[in-house]
Amino acid sequence: MSTTLKGIPAAPGIAMGKALFLDGEELSVPRRSITEDQVPYEMLRLEEALIKTRHQILGIQRKLSEELGSEHAEILNAHLLVLEDQSVREEIINGLRSQKLNVEAIFSDVLQRHLKAFARTEDEYLRERTADIEDIRKRVLRNLLGKQPDAVTRLEESGIVVARDLSPSETAQMHKRHVLAFVTDIGGRTSHTAIMAKSLEIPAVVGLASATKKIPRGARLIVDGTRGEVIIDPDAEAIKRYELEQRRYLEVGRQLLHLKDLPAETLDHHKVILSANIELPDELPSVIAHGASGVGLFRTEFLYLNRQDFPTEEEQFEAYSSVAKQVAPHPVIIRTMDLGGDKFFSPLQLPSEMNPFMGWRAIRFSLARPDIFRIQLRAILRASVHGNLKMMYPMITGPEELRRANEILHEVREELGREGIPFSKEMEVGAMIEVPSAAMTCDLLAGEVSFFSIGTNDLIQYSLAVDRVNEKIAYLYEPTHPAILRLVKQIIDVGHAHKLWVGMCGEMAGEPALSLLLLGMGLDEFSTSPVQLPIVKQVIRSVEYSFAKSVTEQAMKLRTGKEVEAFLTASLKQVAPALVE
Amino acid sequence: MPPLHKTISIVHRQGLHARPAALFVQAAKEFSSRVTVKKGRKIVDGKSIMGLLTLAAHQGSRISIHVDGPDAAEALERLIELMTTPLPETPKS
């Protein structure tokens, strides 16, 4: 039985190989007494080690700027500054004089004191800097002790690097030839290590919490850097599945340039809108590179997380208008804040809930805190003159909430009007349909909005009563379940009957076989993660619309999710064998 | 020249960490004046990266920059400019 660990996807791609451990190299720091007159000699040894370290870092910087460009090399500037930091040097001299210990011990103590201070802060960016300081500490110590530079360069076989954490300088020295992928216990999506892994095109999963403990020595691993999963000792079936995924991923890479500028339309010219889901404005270059014609879901939580205060109207306005401008003339759909659930909101210190996915979050939170909600609405409306902006409310459960949210929006519009602040009066407003009650009452919701966007991740989880995070029942999470097919079909049909357009922004829209089904259902807009875009585009460009419609018609008659899945895969194989094989 | 100081809010999204801190230290070192940075009750050497990082100043934090020495006016102007102009975005995708 194989185990799957879930972490943060840091760099996309799939790799399989043997686990190579990089951690555990705790440098033992010798401690011995010195006399007062040995202090200058110890200082001299430190200076030499610092100079040596400086040369090593400059070497890595040179390599980085040749391979990845100078902006990556700049990351190591902070390293260089620590090496020449006068106040650190003073602390060391004082330590040598007062404690009369060798310089290895004093240097290591001083840096560890700083490390502890950083590790205590609430600040994610600052906590990530601890990896940099620890890297410096080890490098200088190795030079003081006359040891080999570092472990990454000593890797003798190729495999998947498993480590508690990796410093940017360690990541920089990794080579695709040796390092097939890497996985770490700590680190976030925004860490330099994650950014570099992407540029180096090495699949990576970070933030796995206890990968170094759970992965046995010598285990075989599959790393799915796109989904953020690590499979330990996979069975034959998993290996087969991932070999297929890997081929697909490579295929996508090959097709990317070719498909980028081609329209998302079927062989018989039925057009759909293919757009991307983004979490941070920084993802836009990737969205554009993957050939999206807009942003179908712009999550706004990033503005609220990891900080002690609320984002101001001005700050939000800047973020929204900058994305709108970059994507124009294509549309950008902003989802109003979806805080709560698994998304921790620091300024409010929300109490933890037993069942957060069904708790105080999303539109419920917004309606309960109109003071915070209005600021976001003002910012969105103001940004609407800078591009093709639309907005939608998350987690609507019925007409009442939608009406109340629209009332607040109306008030904010009037307020801006009175203040003479420009905003687009035609901005489309939509509702996310991700709760079964909304799906079943979408005819009642239709009159209040211009579009529906189906959020499948939650819709499936709520409809099938499956907690997606629970491994034991993961098999029940079935996008092809007849109940899901009926719900989705109903939402699209009702939307169209009321002259609305209907989109989808869940993972379901990015699965090739399912995209064939959704196309046949008449879905107008597919929004998915940028890496899945080319593959969905290829499915759409490989079929006749009439073929997709007949596939959907037959799929709707099947009795189980497994039958639907097999049927869709077989149908896709007929038209686009490369995507299935 | 008398010592000068000025209080500002951090505009950088990442706060006074990493790149902004490195740029600050690099700029401070170009001047012979003594540079100290204060946040709340903490006072650190503006030419020390470790010191600046310890301030844990994030976006919106108020810090005051104190400069003392022959090129104080010039140094203060340069450092304020650096802290109040948004940085070009770091590569991220």
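**A guided tour of chain A**

The crossing of α21(A) and α22(A) is right-handed. The model on display is a predicted one, and this helix pair is the opening stop of the tour.

**Stop 1: α21 and α22**

Select α21(A) together with helix α22, residues 533-542 of chain A. Their axes come within 9 Å and cross at roughly 50°. Because of that angle, α21(A) counts as oblique to α22(A). Next, display the side chains at the contact. From α21(A), choose Pro512(A), Ser515(A), Leu516(A) and Leu519(A); they meet Ile535(A), Val536(A), Val539(A) and Ile540(A) of α22(A).

**Stop 2: α23 and its cover**

Move on to helix α23, residues 545-555 of chain A. Which residues of this helix are buried? They are Ala548(A), Val551(A), Thr552(A) and Ala555(A). These residues lie on the same side of α23(A), because they cover an arc of only 100° around the axis. An α-helix has 3.6 residues a turn, so residues three or four places apart point the same way.

To see what covers the buried residues of α23(A), add α20 (482-497), α21 (512-521) and α24 (561-575) of chain A, which are included in that cover. Helix α21(A) thus appears at this stop as part of the cover, having already been viewed in its crossing with α22(A).

**Stop 3: α15 and α16**

Now select helix α15 (residues 370-383) and helix α16 (residues 399-419), both of chain A. The two axes approach within 10 Å and cross at roughly 60°. That angle is why α15(A) is described as oblique to α16(A). The crossing is right-handed. On the α15(A) side, show Pro370(A), Phe373(A), Arg374(A), Leu377(A), Arg378(A) and Leu381(A). Their counterparts in α16(A) are Ile408(A), Leu409(A), Val412(A), Arg413(A) and Leu416(A).

**Stop 4: the barrel**

Display the strands β9 to β16 of chain A. In what order do the eight strands close into a barrel? The order is β9-β10-β11-β12-β13-β14-β15-β16, with parallel pairing. From one strand to the next, the twist averages 25°.

For a closer view, select β12 (residues 388-393) and β13 (residues 428-433) of chain A, which pair in the parallel sense over four bridges. Within this pair, Lys390(A) stands opposite Glu428(A) of β13(A).

**Stop 5: the whole chain**

Finally, restore the full view. Chain A contains 24 helices and 16 strands. Of its 581 residues, 44% count as buried. Among the contacts in chain A with a separation of 6 or more, 69% are between residues 24 or more positions apart.

Methods:
Residues are numbered from 1 along each chain as its sequence is written. Chains are lettered from A and ligands numbered from 1 in the order in which they are written. This is a predicted model: local features need pLDDT of at least 70, side-chain atom pairs count only at pLDDT 80 or more; totals for chains, interfaces and linings use all residues. Two strands pair if DSSP finds at least two bridges between them. Helices (H or I, at least four residues) and strands (E, at least two) are DSSP runs, numbered from the N terminus. Axes are lines fitted to C-alpha atoms, for helices over the stretch in contact, and angles run from 0 to 180 degrees between N-to-C directions. A residue is buried if 20 or more other C-beta atoms lie within 10 Å of its own, exposed if 12 or fewer, and partly exposed in between; C-beta atoms are placed from the backbone. The arc is that of the directions from the helix axis to the C-beta atoms. Two residues are in contact if their C-beta atoms, placed from the backbone, lie within 7 Å. Angles under 35 degrees count as roughly parallel, over 145 as roughly antiparallel, 65 to 115 as roughly perpendicular and the rest as oblique. A crossing is left-handed if the near helix is turned anticlockwise from the far one by less than a right angle, and right-handed if clockwise.
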